[in-house]
Amino acid sequence: MDHGTFCPMEEIQISKFKATCLAVLDRVGKTRKPVLVTRFGKPVAQILPPPSSPAGDWFGAMKGYGEIRGDLVAPAAELSEWEVLE
């Protein structure tokens, strides 16, 4: 992919957008490329993909809440260590 080349945003007439709205929204979500909706050649709306933030992702959601107590690899040898695991 050549990042030096300008790639214009896809444009769609409002009448076509109205007829194919769900398909356009699906495509923007999958390709992550915005679409400009025009009326008589003038922009009226821009369809953007949702932000990809980890806020809605479960992986890593508990970061910073855990606590390491002792050796993670060695088995618990003393009774007091087993009590912590219960």
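Here are a few worked exercises on the model above.

It's a predicted model, so local features need pLDDT of at least 70 and side-chain atom pairs count only at pLDDT 80 or more, while totals for chains, interfaces and linings use all residues. Residues are numbered from 1 along each chain as its sequence is written, and side-chain values use heavy atoms, with hydrogens and water left out.

**Exercise 1. The core**

Task: work out which residues make up the largest nonpolar core, and which elements give two or more residues to this core.

Solution:
- Start with the term: a nonpolar core is a set of buried Ala, Val, Leu, Ile, Met, Phe, Trp, Tyr and Cys residues joined through side-chain atoms within 4.5 Å. Buried is under 20% relative accessible area, exposed is over 50%, and partly exposed sits in between (1.4 Å probe, protein chains only).
- The largest such core has seven residues: I12, F17, V24, V28, V35, V37 and I47.
- Now the elements, where helices (H or I, at least four residues) and strands (E, at least two) are DSSP runs numbered from the N terminus. Two or more core residues come from each of α2 (21-31) and β2 (35-39).
- Take V24 as a way in: leaving out neighbours within four places in sequence, V24 is in contact (heavy atoms within 4.5 Å) with I12, F17 and V35.

**Exercise 2. The hairpin and T38**

Task: describe how β2 and β3 pair, then place T38 in the picture.

Solution:
- Strands count as paired if DSSP finds at least two bridges between them. β2 and β3 (residues 42-47) are antiparallel, with five bridges.
- Two residues lie between the strands of this hairpin, and F40 has a positive phi near 55°.
- T38 belongs to β2 and stands opposite P43 in β3.
- Is T38 buried or exposed? With 7% relative accessibility, T38 is buried.
- Beyond neighbours within four places in sequence, T38 is in contact with E11, I12, Q13, I14, P43 and V44.

**Exercise 3. The salt bridges**

Task: find the salt bridges in the whole structure and say which parts each one links.

Solution:
- The test is a side-chain nitrogen of Lys or Arg within 4 Å of a carboxyl oxygen of Asp or Glu. Searching the whole structure gives two salt bridges.
- One joins E10 to R27, with the closest N and O atoms 2.7 Å apart. Since E10 is in strand β1 (residues 10-13) and R27 in helix α2, the pair ties together parts 17 residues apart in sequence.
- Both ends are partly exposed: E10 has 36% relative accessibility and R27 has 32%.
- K30 and D26 form a salt bridge too, the closest N and O atoms being 3.7 Å apart. These two are four residues apart in helix α2, so about one helical turn separates them.
- K30 is exposed at 66% relative accessibility, whereas D26 is partly exposed at 43%.

**Exercise 4. A surface patch**

Task: name the residues that make the nonpolar surface patch of about 390 Å², and locate L72.

Solution:
- Patches take residues with over 30% relative accessible area and no salt bridge; like charges are joined within 9 Å, and nonpolar side chains (Val, Leu, Ile, Met, Phe, Trp, Tyr) within 5 Å. Areas come from the Shrake-Rupley method with a 1.4 Å probe, and for residues only the protein chains shown count as cover.
- The patch is made by I68, L72 and V73.
- L72 is in the loop between β3 and α3 (79-85), and is exposed at 66% relative accessibility.
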